[in-house]
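Reader: I have a protein model open and I'm a bit lost. Could you show me how to read it, feature by feature?

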Amino acid sequence: LDSVFGGLQGSSLESADFLDGQVDLGRDGRLNVDGLVIPGVGELSGSGETSGVLVNEGVLSPGNSPGIINHNGDLTQSGTLLIELGGLDPGSGHDLLNVTGALTLGGELRIDVLEGFTPELGQRFEFLTFGSLTGDFASFDGLDLGGGLYLKPVLTSDAYSLEVAQFFDGLFTFDAGQFQDEVYALMSGRGTFSALSFSGEVHLF
């Protein structure tokens with residue numbers, strides 16, 4: 001089931017509206033989501049404005065490749081926040097989620113670099129703003145850009161960004177297999193590991 005709420009003003013949304021599918025704000029939707037829990041099988045996407053207390057246990061995906069969601073209220077993020085990167089400008093180039101209230105972070109940050117776009121060293125993408133913050137993402141997916149470049153998560157007092165960085169200034173590269181993103185997150189001071197063990201290759205230049 002795919003429900004599209006684009007352009008509707010003041011509509012209300014309930015968890016049951018998701019069923020097994022996606023609810024799309026469209027290009028400029030406005031929804032009251034107070035008390036809403038996005039279930040594990042659900043996804044909220046599109047661009048527009050939401051208001052109320054929102055809990056994401058499924059997928060929250062701002063934009064229609066890409067776009068902006070402005071959430072007026074509090075948000076608890078325990079599912080997946082999907083951010084697409086296709087350029088430098090928020091809204092037209094990459095996704096952005098603005099939360100005016102209290103943000104409680106957990107779950108996964110998943111980054112999808114859109115086809116035809118190649119991030120370059122030093123570029124930065126602000127993808128999340130908030131009034132206040134508790135917690136952090138538990139895991140990261142999509143930080144590795146290949147060729148020794150990666151997306152470095154950068155957290156400030158009111159925003160979260162991704163900065164294109166180079167692994168040890170290009171002195172060597174490594175292959176950590178399935179742990180590649182986790183290693184980059186730890187190098188950036190984000191994410192946690194009680195124990196880390198992997199096999200791979202280190203290439204010196």
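Author: We'll go through strands, buried residues, the core, a cavity and a helix. Keep in mind that this is a predicted model.

Reader: Let's begin with strands. What is the general idea?

Author: In a regular strand, side chains alternate between the two faces of the sheet. Now for a case here: strand 13 is largely enclosed by the rest of the structure, because 7 of its 10 residues are buried.

Reader: Which way do strand 10 and strand 13 run relative to one another, parallel or antiparallel?

Author: They run parallel, and 4 bridges join them. To find the pairing on your screen, look for Ile69, which stands opposite Leu97 in strand 13. Strand 11 is also parallel to strand 13, with 3 bridges between the two, and there you can see Thr76 opposite Thr104.

Reader: How many bridges join strand 13 to strand 15?

Author: There are 7, and that pair is parallel as well. Leu103 is a good place to look, since its partner across in strand 15 is Leu133.

Reader: What about antiparallel strands?

Author: Try strand 18, residues 149-155, where 5 of the 7 residues are buried. It runs antiparallel to strand 17, to which 2 bridges join it, and Gly146 stands opposite Leu149. These two strands make a hairpin with 2 residues between them, and Gly147 in the turn has a positive phi of about 65°.

Reader: How many residues lie between strand 18 and strand 19 in their hairpin?

Author: That hairpin has 3 residues between its strands. Strand 18 and strand 19 are antiparallel, joined by 7 bridges, and Val154 stands opposite Ser161.

Reader: Okay, now single residues. Is Gln77 buried or exposed?

Author: Gln77 counts as buried because its relative accessible area is 2%, and the cut-off for buried is under 20%. Gln77 sits in strand 11.

Reader: Which side chain does Gln77 make a polar contact with?

Author: With that of Asn56, at 2.7 Å.

Reader: And the nonpolar core, which residues have the most contacts inside the largest one?

Author: Leu109, Phe127, Leu128 and Phe137 do, in a core of 38 residues. Several elements each supply at least two residues of this core, among them strand 13, strand 15, strand 18, strand 19 and helix 1. So you can meet familiar strands again there, strand 13 and strand 18 included.

Reader: How do people look for empty space inside a protein?

Author: Rolling a probe the size of a water molecule over the atoms shows where empty space is left. Here there is 1 cavity of 30 Å³ or more, and the volume of the largest cavity is about 30 Å³.

Reader: Which residues line the largest cavity?

Author: Its lining is made of Leu44, Thr50, Leu54, Leu60, Ile69, His71, Leu75 and Leu97. Sorted by type, that gives 6 nonpolar, 2 polar and no charged residues. You've met two of them already: Ile69 and Leu97 are the residues that stand opposite each other in strand 10 and strand 13.

Reader: Last one: which residues of helix 1 are buried?

Author: Helix 1 covers residues 180-187, and its buried residues are Gln180, Asp181, Val183, Tyr184 and Ala185. After the helix comes Gly189, which has a positive phi, near 80°.

Note on methods:
Residues numbered from 1 in each chain as written. Predicted model: local features only at pLDDT ≥ 70, side-chain atom pairs only at ≥ 80, totals over all residues. Heavy atoms only, no water. Buried < 20%, exposed > 50% of the residue type's maximum accessible area, 1.4 Å probe, protein only. Pairing = 2+ DSSP bridges. Core = buried A, V, L, I, M, F, W, Y, C linked by side-chain atoms within 4.5 Å. 1 Å grid on protein atoms, 1.4 Å probe; cavity = no way out; pocket = protein on both sides within 12 Å on 5 of 7 lines; lining within 4 Å. Points joined across faces, edges and corners; volume = space filled by probe spheres on them. Nonpolar A, V, L, I, M, F, W, Y, C, P; charged D, E, K, R; others polar. Polar contact = N/O pair within 3.5 Å; in protein donor to acceptor, adjacent residues only side chain to side chain.
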